[in-house]
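Reader: I would like to learn how to read salt bridges and sheets from a set of coordinates. Could we go through them slowly, with a case at each step?

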Amino acid sequence: MDEEQETLQRIVTTLVNKNEEIHNFIDTLNHIISNVQLNSSNAISELDEEFDGLYSVLHEMKGSMTNTIQQEEAHKIQALQDQLNQCNRALEGSEELLKLAMQSLDIKNPVELFEAAKRIKDSVTVASAFRLSLKPRVSDSMTHMMVDFALEKRMLQSVKFLPVPKAPEIDVAACLVADNCITISWRMPGEDSRVDHFVLEYRKTNFGGLPRIKGEQRWEVVDYINATQYTLSGLKFDTKYMNLRVQAWNKAMAGEYSDPVTLETKAFVFSLDSTTSHLNLKVEDTYVEWDPTGGKGQEKIKGKENKNSGQNPLLKSNRRSNTASPKRSTNSPRTSARGSRDRFAGESYTVLGDTAVESGQHYWEVRAQKDCKSYSVGVTYRNPGKFDQLGKTNSSWCIHVNNWLQTTFSAKHNNKAKTLDIPVPDRIGVYCDFDGGQLSFYNASSKALLHTFRTKFTQPLLPGFMIWCGGLTVSTGLQVPSAVKTLQKNENGLGGSTSSLNNVA
């Protein structure tokens, strides 16, 4: 009995589920029917609009061409009317001369006859009837105003609904990645004059090969492209690759996406390591700012800790750990790879990047606030002393700007400075060729060379920044600019000038 009830219960449950599925499917079908009716009505409305537009064009053309025929008619009639008036005037004059000549034939006096004949002869000589052209100035033909719409009729008879555009084909060989720009080129697989515009979509990814479906960023869209090439500019390359695809649109619909392509976007990406920065520096990702209250605030905390020295040392440790930036964990892969170290202290108002340069060519830029009193930009080996300042050790290289009282601009290494007798740029570009043993600084706007250090790097390098009274913004994810590559090639080809501050590290 129980078994039969369980069987019936399963059947009931199955039937309920099936009925629910059917009801849902019926709702779906009704919804589709409603959409078909709505979309059909919209399509008919759009068709009416297109034909009304075509009628309007034909009506305008008919009116324009009718007006042209009427103007030609008026022109010809006026020309013929003018010629007719001339003929009438000439005829009147000729008839008067004829009448006078007929009357002169009755003169009997030879002398009077002679005089009359002479006058008539002179009048005939200047008479308009003998200078009048008896050829019509215009013809009565209007055949040049005829039209033949046979071709247009055949074209109209062949009008069909718009086809779905084909998928574009991306020309990978013609695509270019340079100067943080991506130029992508594509073509249509066949002649398709009905394409109205193209849509380009792109997204960043750290995976090469075919684009992944899940776990990726959303596609960014560039719409209404009227050419078969487009350049994405001003990009930050903070991932290894970029996926791109193109879609063709006609007036009504979009076609399939092109096969996506994946382009490599190499660049050096790092953030500022807030866990090791001086207490008087406020650090957030790629921005560092002088904060004169930072150290004092921490001294107050230390004072409270000293007063409570009898408390659990773990509690003190936890308090100290709360000073780390919440944006980057102290046990992140980047930080652990660099190794732990104490914060900078004393007058070393320094913060380092969280990613080391161990090979290759890299580039980043720095912009200082206009009211910044003093700052340094450069690189250092991984473990500088907590009181070390950039450029004052044999393991760090930098250029230094001092705007206190008067502006000085210098290159520093191993506690030696070389004055740079050039204006301080708004943005400084840093180029590091680790394998080539070269560190160059550029005017980031003009790409003019400011200074070059040449040495042999024996340890990984960290970007370093010192700041006092002001702020610095660091731009990473930048490719080495083409202009810098050209300058480096020319400089290396000419041998280049070696700074007196350089050493073999």
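Author: Let us begin with accessibility in this predicted model, where Arg 187 has a relative accessible area of 43% and counts as partly exposed, because that class lies between under 20% for buried and over 50% for exposed.

Reader: Which residue does the side chain of Arg 187 meet in a salt bridge?

Author: The partner of Arg 187 is Glu 169, with an N to O distance of 3.7 Å, which falls within the 4 Å that the criterion allows. Arg 187 belongs to strand S3 (residues 181-187) and Glu 169 to strand S1 (residues 169-170), so that the pair, 18 residues apart, links distant parts of the chain. Glu 169 is itself partly exposed, with a relative accessible area of 36%.

Reader: What is the distance between the closest N and O atoms of Asp 238 and Lys 204?

Author: For that salt bridge the closest N and O atoms are 3.0 Å apart. Asp 238 sits in the loop between strand S6 (229-232) and S7, whereas Lys 204 is in strand S4 (residues 197-205), so the contact ties together parts separated by 34 residues in sequence. Asp 238, at 35% relative accessibility, is partly exposed. Sharing of partners can also be followed: salt bridges join Glu 169, Asp 171 and Arg 187 into one network.

Reader: How many salt bridges does the structure hold, and which parts does the one between Lys 251 and Glu 50 tie together?

Author: The structure holds 11 salt bridges, and one of them pairs Lys 251 with Glu 50, whose closest N and O atoms are 2.4 Å apart. Because Lys 251 lies in the loop between strand S7 (241-249) and strand S8 (254-257), while Glu 50 lies in helix H1 (residues 2-104), the pair ties together parts that are 201 residues apart in sequence. Lys 251 is exposed at a relative accessible area of 65%, whereas Glu 50 is partly exposed at 44%.

Reader: Turning to sheets, in what order do the strands of the open sheet run?

Author: In general, the strands of a sheet pair through backbone hydrogen bonds, in either a parallel or an antiparallel manner. Here six strands form an open sheet in the order S12-S21-S14-S15-S16-S17, and the pairing is antiparallel. Strand S12 (350-352) and strand S17 (416-419) are the edge strands, each pairing on one side only. Neighbouring strands of this sheet are turned against each other by 20° on average, direction ignored.

Reader: How many bridges join strand S16 to S17?

Author: Four bridges join strand S16 (residues 408-413) to S17, and these strands run antiparallel; as a case to trace by eye, Ala 411 has Lys 418 in S17 as its bridge partner.

Conventions
Residues are numbered from 1 along each chain as its sequence is written. This is a predicted model: local features need pLDDT of at least 70, side-chain atom pairs count only at pLDDT 80 or more; totals for chains, interfaces and linings use all residues. Side-chain values use heavy atoms; hydrogens and water are left out. Helices (H or I, at least four residues) and strands (E, at least two) are DSSP runs, numbered from the N terminus. Buried means under 20% relative accessible area, exposed over 50%, partly exposed in between (1.4 Å probe, protein chains only). Two strands pair if DSSP finds at least two bridges between them. Axes are lines fitted to C-alpha atoms, for helices over the stretch in contact, and angles run from 0 to 180 degrees between N-to-C directions.
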